[in-house]
Amino acid sequence: MTCVRIFKDGFSVKGHSTVNCEDLEGKLVCSSISSATYLVANTITDVIGDKAEIKEADGEMFLKVEKASDKTRVMLDGFKLHMEGLQQQYSDRIKVYVEV
């Protein structure tokens with residue numbers, strides 16, 4: 001199970017959505033989550049130019065923006081909607097907690 005926490009100026013993602021090495025649906029969900037986290041992190045820091053604390057490890061990512069611009073807030077809102085959509089579709093693989 002992947003746990004996604006959304007907070008005011010960022011998010012944290014922990015865990016894997018796979019049950020075992022041959023779990024194709026779990027790999028799909030994990031890849032979707034991973035792709036979205038990197039897209040948001042890279043867009044915020046490299047395209048928009050906002051500064052953020054980012055920590056990553058196997059099965060984990062943490063992002064906290066120092067001072068979120070309006071564009072960054074839109075990216076974070078979009079990330080929240082995307083994660084909630086994945087949760088609706090794969091509720092046994094991803095849990096989203098909104099702490100805003």
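Q: How many positive and how many negative side chains does the protein have, and what makes them count as such?
A: Lys and Arg go in the positive pile, Asp and Glu in the negative one, with His and the chain ends left out. That gives 13 positive and 16 negative side chains, and the centres of the two sets sit 6 Å apart. Each charge is placed at NZ of Lys, CZ of Arg, CG of Asp or CD of Glu. Bear in mind that this is a predicted model, where local features need pLDDT of at least 70 and side-chain atom pairs pLDDT 80 or more, while totals for chains, interfaces and linings use all residues. Residues are numbered from 1 along each chain as its sequence is written, and side-chain values use heavy atoms, without hydrogens or water.

Q: Why is the pairing of Arg5 with Glu99 called a salt bridge?
A: The label needs a side-chain nitrogen of Lys or Arg within 4 Å of a carboxyl oxygen of Asp or Glu. Here the closest N and O atoms are 3.1 Å apart, so the pair qualifies. Arg5 is in strand β1 (residues 2-7) and Glu99 in the segment after β5 (94-98), 94 residues apart, so this bridge links distant parts of the chain. Helices (H or I, at least four residues) and strands (E, at least two) are DSSP runs, counted from the N terminus.

Q: What makes Arg93 count as buried or exposed?
A: Buried means under 20% relative accessible area, exposed means over 50%, and partly exposed is in between (1.4 Å probe, protein chains only). Arg93 has 10%, so it is buried. Its salt-bridge partner is Glu25, with N and O 3.1 Å apart at the closest. Glu25 has 37%, so it is partly exposed. Asp23 joins Glu25 and Arg93 in a network of salt bridges.

Q: How do you know that Lys80 and Glu84 are separated by about one helical turn?
A: They're 4 residues apart in helix α2, which means about one turn. Their side chains meet in a salt bridge at 3.5 Å, N to O. Lys80 is at 25% relative accessibility and Glu84 at 24%, so both are partly exposed.

Q: Why is the protein called as compact as a globular protein of that length?
A: The globule rule is 2.2 Å times the number of residues to the power 0.38, and the radius of gyration is taken over C-alpha atoms. For 100 residues the rule gives 13 Å, and the protein's radius is 13 Å, so the description fits. The elements run β-β-α-β-β-α-β from the N terminus.
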